[in-house]
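Please work through the exercises below with the coordinates open beside you. Each one sets a task and then gives a solution in steps.

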Amino acid sequence: MVAIRDPGGQIAPRGIRGERGVRARVREIVAHRSVLRLLITRDLKVKYEKSVLGYVWSILEPLLLAFVYYFVFGVIMGVGTEDYLVYLLAGLLPWLWASSTINASTGALTGQARLIKTSSVPREIWVLRLVGAKWVDYVLSLPVLVLFAILYRRAPHLGHLALLPFVMVVQAILLTGIALLLSSISVMFRDVKNIVKIVMRLLFYFSPILYGFEKIQKLPDVIVQFYTLNPFVGILELNRAVWFPDELHNAGISWMSAVLPTIVLTAALFALGWTVFARLERAVLKEL
Amino acid sequence: MEPPVIVADDVGIRFTRNRKRRLRVRELLIHGSSRQPAGDEFWAFRNVSFKIHQGEAVGLIGANGQGKSTLLRLIAGVMLPDEGTITVTQDVAPLIELSSGMVSDLTARDNIYLAAGLHGMPRAEIDQRFEEVVQFAEVEAFLDTPVRHFSSGMKGRLAFAVATRLDAPIILVDEVLAVGDRRFRKKCLERMEEMVGGGRTLFLVSHSEPDLKRFCTRGLYLRDGQLVGDGPIDDTLAQYAEEVSGG
């Protein structure tokens, strides 16, 4: 007699008539959480164990970028705010988590085609793995921000600091939605990769990283409304409000009004991303 | 009688002839708006229905390009049918495209953990079976060598060793016996015999009549996108031979 292992939710029939609903999909993903952990730890191992400078590499990029922007905008052009280096890092670190995830998401499925084609783990796992691994990179880069905050003697605003885990969860959901959308579409259209690269580069300047949202608020309403369609606005503003709480207050916005559009957009993008992913799954598996 | 472990109910899958697949926004969002196949699509097979019970050894027969491997992928859950349903109630060990399931940058050791982990085997259990897998694959000396330096035969051996130690009650085998030299092939056949004897369900795709006769009791025959034969293996093989020689 053969011992029967838990089939990991495979009992649900696969096919048109037995189309898996959200609940069945969530159940399958939860049943495969050990696979997710395995993939993320493997990614990190490859990155941090195999090269001596592994950790240094992961903080070098944000650090160098922050120095360059500090030099260009803070020193040469003189438009930087108080403690500009901390100001930059506070926005740059969460932004890099976002941009690195989104840029890599176009290859999340195509890059793993071999493994995906030979295993039946829920395909969402390959996307969650990307978001998760990049999140760990992000968390590991946070000490840099804390270090410069200490050097500049900036104390965190405790109320906003307490909100940070919540903001991180929102950002993780947002990135998962976007990554689900882009990973599946890029299998069908290989051009998406290049478009995403350009869009992300532009979006950097249309996000409150080098400057604050308060600057945008002084512009005509149409521009403000258009600007807040960027779901990262609320996330970045709140990240910075931990170290620069006055900015939100001076602009006369509560944390809620900065984050509310972001939350709505996050929910919408997550639903859209997952719907498209599920809808394309069948075609993606043939195309890989 | 016990309930079947694999049920295919009116299963069909179609592919695009054209490499460039057209994609409409409507198709992305509105479920079921693309039911009618476009001109450049064709059905690999349709209306395929069968039930497999635990312990059955089934051989899948048909000429090249009749969808044998595709059907195996549907059972393995690495592809989804466009029509009908496939229900598999037990864990599956797919021995499909064996050497491609290895990540070439990782070492043999990491690949064993990854492949077994992807099939849901807990780490402690992999630790336990590790030696066994390595011995069977005969890669002791290359455990820390990246798999990209392996020959295709070695990769196939490694993958076969992992997949057959997964202890899954359903085994899908797709021409894997083509890998490896004669000695390893013999070892694989013995291992498969052992597994089938242990009450596992086997699904075998092969062009080798001796292999099919050796392992299988039942045959499924795919031709022209239909399941045209389902019966004792000797009968389906005879049907296949007759149709081939009859032109």
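**Exercise 1.** In this predicted model, decide whether B:Asp10 is buried, partly exposed or exposed, and then describe its backbone and its place in the chain.

*Solution.* Start with the neighbour count, which for B:Asp10 comes to 15 other C-beta atoms within 10 Å. A residue is buried with 20 or more such atoms and exposed with 12 or fewer, so B:Asp10 is partly exposed. Turning to the backbone, phi of B:Asp10 is near 60 degrees, a positive value in a residue other than glycine. The residue is found in strand S1 of chain B.

**Exercise 2.** Find which strands pair with S1(B), and in which sense.

*Solution.* Take S2(B) to begin with: strand S1 (residues 6-16) and strand S2 (residues 41-52) of chain B pair in the antiparallel sense over 8 bridges, and within this pairing B:Phe15 has B:Phe42 as its bridge partner. Next consider strand S4 (residues 83-88) of chain B, which pairs with S1(B) in the antiparallel sense over 5 bridges; here B:Gly12 stands opposite B:Glu83.

**Exercise 3.** Write down the strand order of the open sheet in chain B, identify its edge strands, and examine the pairings made by S8(B).

*Solution.* The sheet is formed by 6 strands in the order S5-S6-S7-S3-S8-S9, and the pairing is mixed. Its edges are strand S5 (92-95) and strand S9 (226-232) of chain B, each of which pairs on one side only. From one strand to the next, the twist averages 15 degrees.

For S8(B), look at S3(B) before S9(B). Strand S3 (residues 57-61) and strand S8 (residues 218-223) of chain B pair in the parallel sense over 4 bridges, with B:Leu60 opposite B:Leu220. S8(B) and S9(B), by contrast, run antiparallel and are joined by 6 bridges, and B:Tyr221 stands opposite B:Gly229 in S9(B). The hairpin of S8(B) and S9(B) has 2 residues between the strands, and in this hairpin B:Asp224 takes a positive phi near 50 degrees.

**Exercise 4.** Characterise the packing of H7(A) on H11(A), giving its geometry, its handedness and the residues that make the contact.

*Solution.* The axes of helix H7 (residues 158-188) and helix H11 (residues 232-241) of chain A come within 9 Å and cross at roughly 155 degrees. Angles over 145 degrees count as roughly antiparallel, and therefore H7(A) is roughly antiparallel to H11(A). H7(A) passes H11(A) in a left-handed crossing. On the side of H7(A), the contact is made by A:His160, A:Leu163, A:Val167, A:Val170 and A:Gln171, and on the side of H11(A) by A:Ile235, A:Leu238, A:Asn239 and A:Ala241. Sorted by character, the residues of this contact divide into 6 nonpolar, 3 polar and no charged.

**Exercise 5.** Locate A:Asp83, and state its phi and its exposure.

*Solution.* A:Asp83 is found in the loop between helix H3 (54-76) and helix H4 (84-105) of chain A. Its phi is near 50 degrees, a positive value in a residue other than glycine. Because A:Asp83 has 18 C-beta neighbours inside 10 Å, it counts as partly exposed.

**Exercise 6.** Summarise chain B by its secondary structure, its burial and the sequence range of its contacts.

*Solution.* Chain B has 8 helices and 9 strands. Of its 247 residues, 45% are buried. Among the contacts in chain B with a separation of 6 or more, 74% are between residues 24 or more positions apart.

Terms used. Residues are numbered from 1 along each chain as its sequence is written. Chains are lettered from A and ligands numbered from 1 in the order in which they are written. This is a predicted model: local features need pLDDT of at least 70, side-chain atom pairs count only at pLDDT 80 or more; totals for chains, interfaces and linings use all residues. Two strands pair if DSSP finds at least two bridges between them. Axes are lines fitted to C-alpha atoms, for helices over the stretch in contact, and angles run from 0 to 180 degrees between N-to-C directions. Angles under 35 degrees count as roughly parallel, over 145 as roughly antiparallel, 65 to 115 as roughly perpendicular and the rest as oblique. A crossing is left-handed if the near helix is turned anticlockwise from the far one by less than a right angle, and right-handed if clockwise. Two residues are in contact if their C-beta atoms, placed from the backbone, lie within 7 Å. Ala, Val, Leu, Ile, Met, Phe, Trp, Tyr, Cys and Pro count as nonpolar, Asp, Glu, Lys and Arg as charged, and the others, Gly among them, as polar.
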